[in-house]
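Me: Can you walk me through this one, starting with the charged side chains and then moving on to the chain contact? Short reasoning is fine, as long as each reply lands on what I asked for.

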Amino acid sequence: MDRRTWIYAWLMLLPALVFLIAFTHLPAVTTIIDSFWTTAKGRRASTFAGLGNYEKMLADPIFLKAMVNSAIYAAITIPASILLALGMALLVNRPFRGVGLVRMAFFTPTVLPLIAVANIWLFFYAPGFGLIDQIRLFFGLPSANYAGQPATALYSVAVVTIWKEAGFFMIFFLAALQTIPQSLREAAAIEGCSRWTFFRRVTLPLIMPTTLFVSVNAVINAFRLVDHVFVMTKGGPDSATMLLLYYIFETGFRFWDTAYAAALTVVLIAILFIAGIGQFLLVDRRVHYK
Amino acid sequence: MIRETLFDRILLRTAGALLALLWIVPLAYAVWAAFHPAAFEARFELLAPLTLDNFASAWSQAPFARYFLNTVLLVAMILGAQLVLCTLAAFAFARLEFPGKSVLFTLILMQLLVMPDILLVENYKTMRALGLVDTILAIGLPYFASGFAIFLLRQTFMTIPKELDEAARVEGCSLLGLLWRVYVPLGKPAMLAFALVSVSHHWNNFLWPLIITNSVETRPLTVGLSIFATTDSGTEWAVINAATLMTSAPLLIGFLLFQRQFVQSFMRAGIK
């Protein structure tokens, strides 16, 4: 190998690597280091805290609440958006009049900013004005504030996520469905196979890689997408919609407890890493690139 | 074909229509409220008067013109930087042999998992050290080197036949000349796909811009909108809805015009 090529290659990589290391790798490492120290306050310099921040975490009711909420949120949004996405893909994977419009209806939420989506839904939920409340009042039910009461707030946030995500996941299922060879359908028809049997025995196994791939993405999104919480509930009422990333924001930028925020970030990085390893082990081998 | 009874067909059609309706209703409701006087925001009358007043009052109540400018500058700056940096890096990974290649590539792929979006506190400290807090540059910097762009372009460049390289080199083309004359033109479809994803992602990005900006001169639309919508004053829903639609309009219109490209680009972005 010739040395000039090496130098060229490194020079070409240098600018991208500088930015990548400065804003991704280095901060990830310093986050881990900072999580073992205390936050400097006024004149008190930061001191080594060992596992102090992590012990604090286990005794912190809001952190525990945030973890439980994140788990519930993930447990609702992941299966619901995947099932709906698959349903949508099956529905629009056949020609009929208006199929383009239906696909568009499903996909449109994907291009909207999550902040805008949150506003749209906040209006939809609004007591007195919102369509949901209108329907409740029409049937003689009392007005309800879905996004504002502790019992339903987390679910109303989850619904928004599902609305935004399902159409995005649909396009992957649609692509997968279109790769199923027509000859399989014909063979199944000759065997007199029912629609349901065909779906269970042929379609489902064939789109399994896509399902896994979409699941991993849904897991990552469940921990990463919190923009709508800022507009809809701000983590409240009474921490009912406190999610991990939102709590990191509050700790770091409202209470300026940066060391504790670093420890919380380490938990988030760990979760994302586990999801990533899952993707590597389960999905990568079976998804074929186009 | 597998037997499809009339019943099946009616069932599927109805389910499809209902689901599509359900999906479009929240957006349609916001559109209704935005284009009608406040008195009609919860009353549905076919002949209710249409109006653009809500848009006008949203526009005048907050500096949306400035927010639009900030977002456009931000998105253009990020895309430009990403295309330059990532094309160079992707070419090196696709076509050159050098020591440390696989380690460096793994480092780049790691960014797909741990994005700068979650390293809020540390990146804020870096920006403060650089004296860049509350600048548009600071919003963009962490995204300049995109692991996804490098990966996507590397995949594309690897499909370009090597014979073209050799031909160009025989003609006396330098390495950069080769990249510019052969690889960039042939990589254009992938770059376009990436551009759509990058523009819509950064147009919609919220958390990092919220943290790093605190003045009208730097705030992008998403942050401006969230402030406009949450100031408790009695801003009417109709006006908030108008503002919401206004800030999403460029992407929404772009999507309606170039549906196919949007869907395909988003799909490529997903299948990393």
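Me: Which residues are linked in a network of salt bridges?
Reply: A salt bridge here is a side-chain nitrogen of Lys or Arg within 4 Å of a carboxyl oxygen of Asp or Glu. In this predicted model, Lys125(B) pairs with Asp34(A), closest N and O atoms 2.9 Å apart, and with Glu122(B), at 3.7 Å. So the network is made of Asp34(A), Glu122(B) and Lys125(B).

Me: Before going on, what are the ground rules on numbering and confidence?
Reply: Residues are numbered from 1 along each chain as its sequence is written, while chains are lettered from A and ligands numbered from 1 in the order in which they are written. Local features need pLDDT (the predictor's confidence in each residue, from 0 to 100) of at least 70, side-chain atom pairs count only at pLDDT 80 or more, totals for chains, interfaces and linings use all residues, and side-chain values use heavy atoms, with hydrogens and water left out.

Me: Why does the pair of Lys125(B) and Asp34(A) join two chains?
Reply: Look at the helices, which are DSSP runs of H or I with at least four residues, numbered from the N terminus. Lys125(B) sits in helix H5 (residues 120-129) of chain B, and Asp34(A) is in helix H1 of chain A, so the pair joins two chains. Across the interface of chain A and chain B, the count of salt bridges by this rule is 1.

Me: Is Glu122(B) buried or exposed?
Reply: Glu122(B) shares helix H5 of chain B with Lys125(B), 3 residues away, about one turn of the helix. The cut-offs are under 20% relative accessible area for buried, over 50% for exposed and partly exposed in between (1.4 Å probe, protein chains only). Lys125(B) comes out partly exposed at 27%. Glu122(B) has 8%, so it counts as buried.

Me: Which residue forms a salt bridge with Glu250(A)?
Reply: Glu250(A) is buried, with a relative accessible area of 11%. Its partner is partly exposed at 43%, and the closest N and O atoms are 2.8 Å apart. That partner is Arg254(A).

Me: How many residues does each chain put into the contact?
Reply: Contact means heavy atoms within 4.5 Å. The area buried between chain A and chain B is about 8300 Å², where buried area is the accessible area (1.4 Å probe) that two parts lose on being put together, summed over both. Carbon and sulfur atoms give 79% of that area. By residue, chain A brings 92 and chain B 86.

Me: Which three residues supply 10% of the area that chain A buries against chain B?
Reply: No other three residues of chain A supply more of that area. They are Met12(A), Phe23(A) and Phe123(A).

Me: Which backbone oxygen does the side chain of Thr211(A) reach?
Reply: Thr211(A) lies in helix H10 (residues 208-224) of chain A and is buried at 17% relative accessible area. Leaving aside neighbours within four places in sequence, Thr211(A) is in contact with Ile82(A) and Phe173(A). At 2.9 Å, its side chain reaches the backbone oxygen of Ile207(A).

Me: Where is the pLDDT of chain A below 50?
Reply: Chain A averages a pLDDT of 85, and 96% of the residues score at least 70. The stretch below 50 still has 11 contacts in the model beyond near neighbours in sequence. That stretch is residues 286-290.

Conventions. A polar contact is a pair of N or O atoms within 3.5 Å; within protein, one must be able to donate a hydrogen and the other to accept it, and residues adjacent in sequence count only if both atoms are side-chain atoms.
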